[in-house]
Amino acid sequence: MNEFDFIRTYLAVAEQDRSVLLGIGDDAAIIRPHADRDLCISSDMLLAGRHFFANDAPRDMAHKILAVNLSDMAAMGAAPKWVLLSAALPELDKKWLDEFCSRFFAVCREYGVSLIGGDTTKGGLAFNITIIGDVPKGKGLRRGNARVGDDIWLSGQVGVAAAGLQHQLGKTVLPPALAADCRQALLRPIPRVALGQALLDIAHAAQDVSDGLVQDLEHILQASSLGGEIWLERLPVLPGLEEHLTQEMWRQCVLAGGDDYELLFTAAPERRSEIERAAEKSNTPVSRIGRITDTAGLSVLEHGQNVPLAVRGFDHFS
């Protein structure tokens, strides 16, 4: 199988929505977006040995590389529409490609996304996805719109994927059932697309948690020129996890671990009941974990006492 056989057999057969006038097979795709919608565009590169293990199952790689990009759309409140996939592959192995493409297109169908282009080459295992979504004109969620007095909310749980990574690296040993839950969170994150769209007229600021809760919340605070505090005892964590990690490792996983791909957002206190209804409608658990203040910086408190932080989040160049 050569490169063009791979494209014709695995990629050019992708389903397209009506806005795609020309898909895979030409020099560029042509799409016709709606005039009353704003486009949201994001791109992520994921490398073997940096973002995933080269021996991970191809179906897990396919899920994760698309899910992390869908999470960016969720953070904007956008409906994901189109993706471009570029891949460097060591070889074109039919069994590997069958598994990878089966899961990739299953996730595309689940979230209503069309593959419209990209690139392939031989090389060390690496992927880049560009994703495009849309939101009603002027409605997109941003990091810089938090307001003093806002509640800080978080979807799902934090620290689970990071604990799974620590277990896989041999830095801790988790019981089999707990390890399986953590590994599932690491390999198969759930992008909170439905919740993001439900929050469009409710939330003030939003961001997905990819590089660590503290670091990503600081992005909101810096963009909004405000401060904040979060309460460690309020953070949603996997039951039983704290019992099997040292206190230092547990705090690092929960506060700075990354790979959660949960939604972090702020909203006025009077919107709490609306947020709970949005969470129920989107079948997504949410927790109120802190508040926005007019004091510069972020404080992490545990029963009112400051928690020192050695690491604040993931750095791609560390």
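**How the two domains meet**

Mentor: In this predicted model, the centres of domain 1 and domain 2, taken over C-alpha atoms, are separated by 26 Å. Residues are numbered from 1 along each chain as its sequence is written. Local features need pLDDT of at least 70 and side-chain atom pairs pLDDT 80 or more, while totals for chains, interfaces and linings use all residues, and side-chain values use heavy atoms, with hydrogens and water left out.

Trainee: What makes these stretches domain 1 and domain 2?

Mentor: An automatic or database domain assignment sets the bounds, and for the protein chain it gives 3-136 as domain 1 and 150-305 as domain 2.

Trainee: How do you know how much area is buried between domain 1 and domain 2?

Mentor: Buried area is the accessible area (1.4 Å probe) that two parts lose on being put together, summed over both; here that comes to about 1,700 Å², with carbon and sulfur atoms giving 60%.

Trainee: Why is the pairing of Asp60 and Arg188 called a salt bridge?

Mentor: The term requires a side-chain nitrogen of Lys or Arg within 4 Å of a carboxyl oxygen of Asp or Glu; the side chains of Asp60 and Arg188 meet at 2.7 Å, N to O, and therefore satisfy it. Across the interface of domain 1 and domain 2, the rule finds 3 salt bridges.

Trainee: Which elements each supply at least two residues of the side of domain 1 that touches domain 2?

Mentor: They are α2 (58-76), β4 (79-89) and α3 (94-111), where helices (H or I, at least four residues) and strands (E, at least two) are DSSP runs numbered from the N terminus. The largest share, 12 residues, comes from α2.
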